[in-house]
Amino acid sequence: MKAALHIFLIPLLCAAAAAECSFVLTTDAEDMPDDDGGRIRLEWTVDPTVEPPDSLVLERAAPDGTWEALASVAPIDGRYSDDGLENGRTYTYRLVPYSLGVPGEPGPEAEAVPEVKWLHSGRIGMLVITVVLSVIILGYIEAGKRGKNLYVRRIAGLNAVEDAVGRATEMGRPVLYIPGIMDMDDIQTIASMVILGRVARKAAEYGASLLVPTCRSVVMSVSQEVVKEAYLQTGRPDAFRRENITYLTDDQFGYAAGVDGLMVRQRPAAIFLLGTFYAESLILAETGKSVGAIQIAGTAMVSQIPFFIAACDYTLIGEELYAASAYLSREPKLLGSLKGQDAAKLMIMVILVLGVLGASIGQWWEPAGRVAEFLRNLTHVE
Amino acid sequence: MRKLLEKLDKVDRRIIYLLMALSVFLPLALRLNYPIPVGSGPSRDLFDTIDSLPAGSVVLMSYDYDPSTMPELQPMAVALTQHLFSRGHRILAMAFWPQGASLSQEALTAVGDSLGAVQYRDWVNLGYTVGAGVSIVRMGSSIRAVYPQDRDGTPCDSIPMLRHVQNLRDIDLVICLSAGDPGIHAWVMMAHDRFGVPVGGGCTAVSAPEFYTYLGTGQMVGLLGGLKGAADYETMVREGRENTPAGLATPGMAAQSIAHLVIMGFIVIGNITYLILHRRGRGEAR
Amino acid sequence: MRLFLPLLVTFLCGILMILHFFVPHRPISTLGDGLTEWYMIVASAAIFLGSANLIQVHVHRISTKARNWQYSPVVLGGFAAMMVAGLVWGLEENRPFDYMFQNMVVPMGATMFSLLAFFVASAAFRAFRASNWRATLLLTSAFIVMLGRVPLGGLIWKRIPEISEWMMQVPNMAGQRAVMIGAALGVVSTSLRMIFGIERSYLGGTD
């Protein structure tokens with residue numbers, strides 16, 4: 001009896017409540033910020049104290065004033081993105097609750113005009129920084145081209161490249177070059193390809209055998225081209241062995257197993273681990289250590305650097321990997337870019353120090369706080 | 001004495017390996033168990049973030065790992081899935097690692113069946129895609145451009161759960177379980193920094209330190225680091241829900257405790273031999 | 001011409017993707033989206049390149065009876081078995097592909113990863129020596145973090161996990177950020193060199 005009463009009473013009470021106020025409390029419509037136009041973002045909230053309807057129907061006003069249904073949504077707080085709209089036209093929306101197929105009191109109406117933006121408003125600061133950094137780096141490259149004398153500090157790992165290849169030649173054992181486990185879209189892999197060219201040239205000069213097992217097929221293709229070019233440049237195209245540059249597998253630890261097997265069977269005298277590495281770094285470096293090879297490693301993966309330092313003879317830390325090309329070639333243009341990089345670093349350090357000081361002093365002195373706030377906005381990206 | 005020290009200094013690596021194996025095997029075989037107190041920290045932050053989402057939120061989970069790192073990351077996937085379903089959230093699963101798609105399916109079906117979550121209503125597995133950062137950028141404007149259909153070949157347009165999920169802005173939280181790259185870096189740089197979607201994650205213990213920078217800047221809402229992070233999460237999910245089955249990570253913590261002690265023991269021995277032999281060596285040289 | 005075309009493509013794509021980040025207006029947005037889709041297609045096609053090379057290299061090894069050629073039939077057999085199982089019976093659960101994945105690929109992968117524990121132990125034994133005050137500092141912090149990451153640390157002294165977390169969140173984070181900022185600038189510099197054609201050795205040409 002009680003249940004039957006509920007069945008009849010609840011819809012009646014709901015209908016009565018709906019007549020007084022809508023289930024939908026607020027409806028907000030706004031142009032989707034920083035997009036290529038034609039899009040409006042809608043958000044709505046519902047009254048949690050009212051019995052929810054079966055569904056909500058989102059409606060948009062047609063040019064003739066009639067309402068057309070856009071979508072049926074769950075009767076909870078939500079949002080919706082209306083796409084494919086005409087820029088500059090005003091669009092009006094509302095939500096209508098439906099219970100047992102009967103429409104209730106519509107929620108409040110909201111309108112917005114989709115617009116197209118030329119510049120992302122949340123990225124202007126980053127644009128300024130990008131332009132300034134680019135100007136600094138390109139300026140130093142230009143200075144390098146004009147023959148300005150540029151000093152670069154000694155990097156032990158890069159000085160050891162020639163010795164390592166020479167050692168392998170003397171011992172009659174191969175040189176193993178591991179370009180990391182990432183694809184060519186990774187900048188560390190590209191930096192690694194640059195160093196591979198140098199190592200290949202040395203190997204070609206000395207007549208050492210060079211093995212390059214890769215984890216990505218595109219890296220294999222690029223490696224083959226880089227090594228072939230190095231052998232051509234040293235006048236030893238006959239010594240180039242395409243089959244020594246192979247693809248093993250995309251699988252991280254499958255690759256580590258494959259390279260470990262190669263190390264144990266071929267017993268290389270010099271191993272280069274340069275590129276992006278993850279948890280396999282120590283597995284490779286320890287196996288290399290166990291076969292008695294001289295090891296030169298380099299990566300910008302901060303969590304792997306300690307492993308390389310523990311197990312390898314030389315380690316290029318972070319940006320030293322990117323500096324290798326300039327350092328090894330000593331070409332003024334490339335050295336200029338290194339100096340530009342240092343100048344950009346100085347600029348960032350100044351911003352950091354100013355920001356920290358401003359935020360700290362700003363606790364007591366407001367102008368300093370405003371400086372910190374300006375720098376925060378400048379470096380903030382949306 | 002000197003000979004013993006020299007022997008210890010040059011101990012065969014196979015002895016180290018054997019002791020390590022025993023230190024892992026014995027606690028697991030003897031079912032040693034330690035209580036896992038969870039204080040404040042990145043694990044708790046991720047748990048609280050999920051707890052604070054309104055019911056029905058859409059959470060994108062990216063399974064960016066493969067079987068090799070499964071012992072650390074799969075317990076996280078299971079515990080997170082339990083938590084999300086029990087809070088009434090919906091899961092949109094995907095993977096940038098080919099084998100991650102199979103591992104996600106395993107976690108979703110197992111947990112989904114036990115908690116009554118239904119495919120296409122409560123969860124969808126989009127499967128594997130290539131491109132990483134590039135794909136995330138594309139998903140920022142259209143998820144269907146990257147995934148026109150789900151892992152089973154069902155068109156996304158006919159999936160009820162995806163009716164109002166057009167792009168990343170319709171996602172309430174991204175959780176990336178990552179064993180390397182592509183993984184957390186790409187999600188933070190693209191999903192959070194470009195589209196403003198909150199990002200949380202889980203990773204192997206080895207790579208956890210590098211993601212702490214994102215926690216400090218607020219670019220990540222929380223992080224589960226290695227088996228410890230997984231065990232923390234399992235403990236939090238079970239708090240007040242004693243009928244929840246025990247997780248996979250909690251029993252492993254005893255083995256990890258003993259293994260850490262063994263490594264520390266080796267470091268101590270190595271340093272004693274180093275200090276004595278080195279000092280004597282210097283004394284003799286004088 | 002051999003270098004000019006790739007350099008031109010690099011320049012145009014690089015500039016377009018930078019603009020795509022700052023300019024949401026058409027045609028930059030549509031061109032940027034188009035490029036990302038092209039990239040996905042090219043990246044997917046790379047799997048064929050890898051498979052072809054794998055088969056080519058191992059068939060060559062078998063035919064020339066090269067050193068350790070006996071492993072090559074195993075590689076080709078495994079490759080063929082997984083491919084045929086996937087293509088014929090599909091990838092769904094309880095099919096041959098899934099069976100091999102769960103019972104062969106999963107344990108073999110986990111085995112490789114677990115080797116890390118052994119290598120960490122031997123590397124730590126060899127490398128963690130208190131040779132100077134900095135190494136001693138590193139050693140002490142490693143001890144605290146290792147204890148703090150397991151329940152045993154909290155049982156020894158309840159502040160150990162807190163100290164460990166502090167070390168991760170403060171000194172560790174400071175060091176990580178320094179390396180990351182330096183590396184990020186290296187990325188910017190290398191990218192600019194490539195976009196403007198100053199760095200070209202990755203194309204196999206002269207640098």
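**Exercise 1. Confidence in chain A**

Find which element of chain A has the lowest mean pLDDT and which has the highest.

*Solution.* Among the elements of chain A, the lowest mean pLDDT, 47, belongs to helix α1 (residues 2-20) of chain A, and the highest, 95, to strand β9 (residues 175-178) of chain A. Here pLDDT is the predictor's confidence in each residue, on a scale from 0 to 100, while helices (H or I, at least four residues) and strands (E, at least two) are DSSP runs numbered from the N terminus. Next, look at residues 7-19 of chain A, where the pLDDT is below 50 and where the model has 11 contacts beyond near neighbours in sequence; two residues are in contact if their C-beta atoms, placed from the backbone, lie within 7 Å. Where pLDDT is low, the predicted coordinates should not be read in detail. Finally, set this beside the chain as a whole: chain A averages a pLDDT of 84, and 95% of the residues score at least 70.

This is a predicted model, in which local features need pLDDT of at least 70 and side-chain atom pairs count only at pLDDT 80 or more, whereas totals for chains, interfaces and linings use all residues. Residues are numbered from 1 along each chain as its sequence is written, and chains are lettered from A and ligands numbered from 1 in the order in which they are written.

**Exercise 2. The overall form of chain A**

Work out how the radius of gyration of chain A stands against that of a compact globule of 382 residues.

*Solution.* Begin with the reference value: a compact globule of 382 residues would have a radius of gyration near 21 Å, but chain A has 32 Å. This radius is taken over C-alpha atoms, and the globule rule is 2.2 Å times the number of residues to the power 0.38. Then consider the box that the C-alpha atoms of chain A fill along the principal axes, which is roughly 95 × 60 × 45 Å. Within chain A there are 11 helices and 14 strands, and 45% of the 382 residues count as buried, a residue being buried if 20 or more other C-beta atoms lie within 10 Å of its own, exposed if 12 or fewer, and partly exposed in between, with C-beta atoms placed from the backbone.

**Exercise 3. A helix and its surroundings**

Describe helix α6 (residues 252-266) of chain A and identify what its buried residues pack against.

*Solution.* First take the length: α6(A) has 15 residues and reaches 21 Å from its first C-alpha to its last, close to the 21 Å expected at 1.5 Å a residue, where the expected span is 1.5 Å times one less than the number of residues. Next list the buried residues of α6(A), which include F253(A), A256(A), A257(A), D260(A) and M263(A). An α-helix has 3.6 residues a turn, so residues three or four places apart point the same way. The buried residues of α6(A) pack against β9, β10 (210-214) and α7 (280-290) of chain A, together with α4 of chain C. After the helix comes R267(A), whose phi is positive, near 45°.

**Exercise 4. Chain A and its partners**

Determine how many residues chain C and chain B each place in contact with chain A, and of which classes they are.

*Solution.* Start with chain C: the contact takes 47 residues from chain C and 62 residues from chain A. On the side of chain C, the elements that give two or more residues are α1 (4-22), α2 (28-63), α4 (96-127) and α7 (160-195) of chain C, and α7(C) provides the largest share, 15 residues. By class, this side of chain C has 26 nonpolar, 17 polar and 4 charged residues, where Ala, Val, Leu, Ile, Met, Phe, Trp, Tyr, Cys and Pro count as nonpolar, Asp, Glu, Lys and Arg as charged, and the others, Gly among them, as polar. Turning to chain B, 19 residues of chain B are in contact with 18 residues of chain A, and the side of chain B has 4 nonpolar, 8 polar and 7 charged residues.

**Exercise 5. Two loop residues of chain B**

Decide whether R31(B) and Y120(B) are exposed or buried.

*Solution.* R31(B) is found in the loop between α2 (13-29) and α3 (42-52) of chain B, and has a positive phi of about 50° although R31(B) is not a glycine. R31(B) counts as exposed because 8 other C-beta atoms lie within 10 Å. Y120(B), in the loop between α5 (100-115) and β3 (123-128) of chain B, has a positive phi of about 75°. With 15 other C-beta atoms within 10 Å, Y120(B) is partly exposed.
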